[in-house]
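Please open the structure in your viewer and keep the selection tool at hand. This tour goes from one stop to the next, saying at each what to select and what is there.

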Amino acid sequence: MWAESDVQFLDRASRLAMNGRGWVEPNPMVGCVIVKNDRIIGEGFHSRFGSPHAEPTALSGCTESPNGATAYVTLEPCCHTHKKTPPCVPLLIEHRIARVVIGCVDPNPQVNGNGIRQLKQAGIEVDLAPTLVEARFKQLISPFILRTLYDRPYVTMKWAQTSDGKVAGHEGMRLKITDEPANRLVHWLRTRSDAIVVGINTVLNDDPSLTVRGVDVIRHPERIILDRKLRTPTTSQLVRTALLTPTVVVTSLTAPSAHFEPLVEKGVRVVWPPAEREDLLQAALRAGEYVKKNYTHVLIEPGPTLASAVFRAGICDRLWVFESPQTLDDPSAPRASTIPPWFELSGQLRIGQDLLYEYLNTQSPAYFTHYPSVDFLLTSENHSSGVDFSDSRPKTDD
Ligand SMILES: NC(=O)c1ccc[n+]([C@@H]2O[C@H](COP(=O)([O-])OP(=O)(O)OC[C@H]3O[C@@H](n4cnc5c(N)ncnc54)[C@H](OP(=O)(O)O)[C@@H]3O)[C@@H](O)[C@H]2O)c1
Ligand SMILES: [Zn+2]
């Protein structure tokens, strides 16, 4: 039977799972703790895509026999074959685990309750976390839930603004808003994303490179430009480096065809949505399919125009707003887009001299609880000031 003390071991398993962030995708992060006589005797997490699951790692590292122990797993143990690693349910049975406590059910149709059924058939006591606790474990794997059940990546939108809500300088001129610690955090998030999306005006104005710099590199995300009229300059940084880090331009069928060849010659992949069926944003989220790769995490770094379009399209799951202490006080400087009221402030954190606000989209199928996202929790661990859940919103509106 589920007991309150189960939460602490599941929480420990959850923290272990988070060590896999950035490495395990498109798989979910999973952690496992083996407990005997109220003591942890083994721990493990899924550390890399294709590497052993959390359960075998925890079982193989046990300091004493797991016979009769309880296994705490953040996600229902797998029972399906024809994948990179053997199923975990038979392993738990083999090691004579007496009880399995599960954070949440696996949404993968090949598992989805079958793991629990097989464990019970083997005489193992199985307890699933109660709904309110389960929500936190769903949140832990929300990108996996989106990929599995909704066929789309988890979308984060991020922008920087001054304390008076400006996202660029005088008449839209490029402006350095945040300080080094916040900039590094953006690079940390980029290397945990599969693709970065920007609007064409940002390319024309700022000529960004959107590469990963100054942090440990997990991957270099593909760079995607939304550009209906194919105005992306062949001299831009994103085009000049396309052979080193893939650059994709999502355009429309009506774009001038003469602009197509020069971009392709530089190694840019130019794609467009199937006529009338999808808009450019949807095509961007699917751009990985052209190279047989489904994105799990997509990061959008928008100007106000793209940000508003993303809010309207309802595809943003999480928003990170960095706010600097500087005030611009310039009416010609563009303002940040208005954050819809159904975006709930889930945390705020000081990063150097700047503030990070995290909002979760309560209307997203990836929203399960008001707790901050894994990335926010990891960030708060890395910055000493701790998590603040207070309800003050940055000033983005008039
Ligand atoms: N502070 C920050 O974090 C930050 C981040 C990025 C940019 N900025 C600043 O923001 C300014 C640029 O912002 P912006 O609002 O003018 O432009 P933007 O958001 O960078 O780009 C918007 C343009 O993208 C194209 N686009 C293609 N598909 C779209 C879609 N589905 N939805 C929306 N746009 C789509 C449109 O041009 P076409 O119709 O020609 O395709 C649209 O005008 C610059 O000054 C830049 O410095 C600040
Ligand atoms: Zn498994």
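Strands, in this tour, are DSSP runs of E at least two residues long, numbered from the N terminus. The model in front of you is a predicted one.

Begin by selecting V155, which is found in strand β6. With a relative accessibility of 0%, and with buried meaning under 20%, V155 counts as buried. Which residues is V155 in contact with, once its neighbours within four places in sequence are left aside? They are L285, V298, I300, I315, C316, D317 and R318. Add D317 to the selection and compare two kinds of separation: V155 and D317 are 162 residues apart in sequence, yet their C-alpha atoms are 5.3 Å apart in space.

Next, select helix α6, residues 142-150, where S142, P143, F144, I145, L146 and R147 are buried. These buried residues of α6 pack against α5, against β11 (297-300) and against β6 (154-161), the strand of the previous stop. Just after α6 you come to D151, which takes a positive phi of about 55°.

Keep α6 in view and add α5, so that the two helices can be looked at together. Two packed helices are described by the angle between their axes and by the distance between those axes. For α5 and α6 the angle is about 75° and the axes are 4 Å apart, which makes α5 roughly perpendicular to α6. On the α5 side the residues that meet the other helix are K138, Q139 and L140, and on the α6 side they are S142, P143 and I145. Sorted by character, the residues of this contact are three nonpolar, two polar and one charged.

Now hide α6 and show helix α1 (residues 6-17) beside α5 (residues 131-140), whose axes come within 11 Å of each other and cross at roughly 5°. That angle makes α1 roughly parallel to α5. From α1, the residues V7, L10, D11, S14 and A17 meet V133, R136, F137 and L140 from α5. In this contact of α1 with α5, six residues are nonpolar, one is polar and two are charged.

Move on to the zinc ion, ligand 2, and select its protein donors, which are H53 through ND1, C78 through SG and C88 through SG, lying 2.0 to 2.3 Å from the ion. Along the chain these donors follow the spacing H-x24-C-x9-C. H53 lies in the loop between β2 (39-45) and α2 (54-60), while C88 lies in the loop between β3 (70-75) and α3 (89-94), so the pair ties together parts that are 35 residues apart in sequence. Are H53 and C88 buried or exposed? Both of them are buried.

From there, select helix α4 (residues 114-121), in which G115, I116 and L119 are buried. If you look down the axis of α4, these buried residues fall within an arc of 100°, so they line one face of the helix. They pack against α3, β4 (99-104) and β5 (125-128). After α4 comes G123, whose phi is positive, near 85°.

The last stop is helix α12 (residues 304-313), whose buried residues are L306, A307, V310 and F311. They cover an arc of only 140° around the axis, which puts them on the same side of α12. Turn the view to the face directed away from that buried side, and you will find the exposed residues T305 and R312. Just after α12, G314 takes a positive phi of about 70°.

Methods: Residues are numbered from 1 along each chain as its sequence is written. Chains are lettered from A and ligands numbered from 1 in the order in which they are written. This is a predicted model: local features need pLDDT of at least 70, side-chain atom pairs count only at pLDDT 80 or more; totals for chains, interfaces and linings use all residues. Side-chain values use heavy atoms; hydrogens and water are left out. Axes are lines fitted to C-alpha atoms, for helices over the stretch in contact, and angles run from 0 to 180 degrees between N-to-C directions. Angles under 35 degrees count as roughly parallel, over 145 as roughly antiparallel, 65 to 115 as roughly perpendicular and the rest as oblique. Contact means heavy atoms within 4.5 Å. Ala, Val, Leu, Ile, Met, Phe, Trp, Tyr, Cys and Pro count as nonpolar, Asp, Glu, Lys and Arg as charged, and the others, Gly among them, as polar. Buried means under 20% relative accessible area, exposed over 50%, partly exposed in between (1.4 Å probe, protein chains only). The arc is that of the directions from the helix axis to the C-beta atoms. Donors are N, O and S atoms within 2.8 Å of the metal (3.2 Å for Na, K and Ca); water is not among the atoms, so sites may look incomplete.
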